[in-house]
Amino acid sequence: MHGGCMTAASAHAVVDASTGQLTVHAVVLDPTGQAPLRTSATGPATEPAPVGQRAGLQLLDAGAQTLLGHRP
């Protein structure tokens, strides 16, 4: 997503051992204090990169690039 060290963004991944599914929860915070952008994506734990990429693309589609480019 091309954020820097001042970017308020995070991701957390959880594997459900019973199903083999990986869920990535991701968020980009608005530096002006408005509502954050949140998303999650789920897929096979054996293919984590596409799951993370999907979460990132969902955030970008929701407008994260505007927030990532904002400098307080």
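The following exercises, each with a worked solution, concern a predicted model of a protein chain.

**Exercise 1. Determine how many helices and strands the chain has, and in what order the elements run.**

Step 1. The count of elements gives two helices and three strands.

Step 2. Read from the N terminus on, the elements follow the pattern β-β-β-α-α.

Step 3. The strands can then be placed by residue number: strand 1 covers 9-16, while strand 2 covers 21-28 and strand 3 covers 37-44. Helix 1 comprises residues 48-61, and helix 2 comprises residues 64-69.

**Exercise 2. State where the confidence of the prediction is lowest and where it is highest in the chain.**

Step 1. Begin with the whole chain: the average pLDDT is 90, and 88% of the residues score at least 70.

Step 2. Compare the elements. Helix 2 has the lowest confidence, with a mean of 84, whereas strand 3 has the highest, at 98.

Step 3. Keep a general caution in mind: predicted coordinates should not be read in detail where pLDDT is low.

**Exercise 3. Describe the sheet: its strand order, its pairing and its edges.**

Step 1. The three strands form an open sheet in the order 1-2-3, and their pairing is antiparallel.

Step 2. Strand 1 and strand 3 stand at the edges; each has a single partner strand, so one side of each lacks a neighbour in the sheet.

Step 3. On average, neighbouring strands of this sheet are turned by 15 degrees against each other, direction ignored.

Step 4. Examine the pairing of strand 1 with strand 2. Eight bridges join these antiparallel strands; V15 lies opposite L22, and D16 lies opposite Q21. The two strands form a hairpin with four residues between them, and G20 in the turn has a positive phi of about 75 degrees.

Step 5. Examine the pairing of strand 2 with strand 3. These strands are antiparallel too, with eight bridges, and V28 has L37 of strand 3 as its bridge partner.

**Exercise 4. Explain why strand 2 is described as largely enclosed by the rest of the structure.**

Step 1. Count the buried residues: six of the eight residues of strand 2 are buried, and therefore the strand is largely enclosed by the rest of the structure.

Step 2. Set this beside the whole chain, where 25% of the 72 residues count as buried.

**Exercise 5. Decide whether T39 is buried or exposed, and identify its contacts.**

Step 1. Locate the residue: T39 belongs to strand 3.

Step 2. Apply the cut-off. Buried means under 20% relative accessible area; T39 has 18% and is therefore buried.

Step 3. List the contacts. Leaving aside neighbours within four places in sequence, T39 is in contact with V24, H25, A26, A55, Q58 and L59.

Step 4. Look at the side chains: those of T39 and Q58 are joined by a polar contact of 2.4 Å.

**Exercise 6. Decide whether D30 is buried or exposed, and identify the residues that D30 touches.**

Step 1. Locate the residue: D30 is in the loop between strand 2 and strand 3.

Step 2. Apply the cut-off of 20% again. The relative accessibility of D30 is 16%, so this residue counts as buried.

Step 3. Identify the partners. The side chains of D30 and T32 share a polar contact of 2.7 Å. Not counting residues up to four places away in sequence, D30 touches A35 and L67.

How values were computed. Residues numbered from 1 in each chain as written. Predicted model: local features only at pLDDT ≥ 70, side-chain atom pairs only at ≥ 80, totals over all residues. Heavy atoms only, no water. Buried < 20%, exposed > 50% of the residue type's maximum accessible area, 1.4 Å probe, protein only. Polar contact = N/O pair within 3.5 Å; in protein donor to acceptor, adjacent residues only side chain to side chain. Contact = heavy atoms within 4.5 Å. Pairing = 2+ DSSP bridges. Axes fitted to C-alpha atoms, helices over the stretch in contact; angles between N-to-C directions. pLDDT = per-residue confidence, 0-100.
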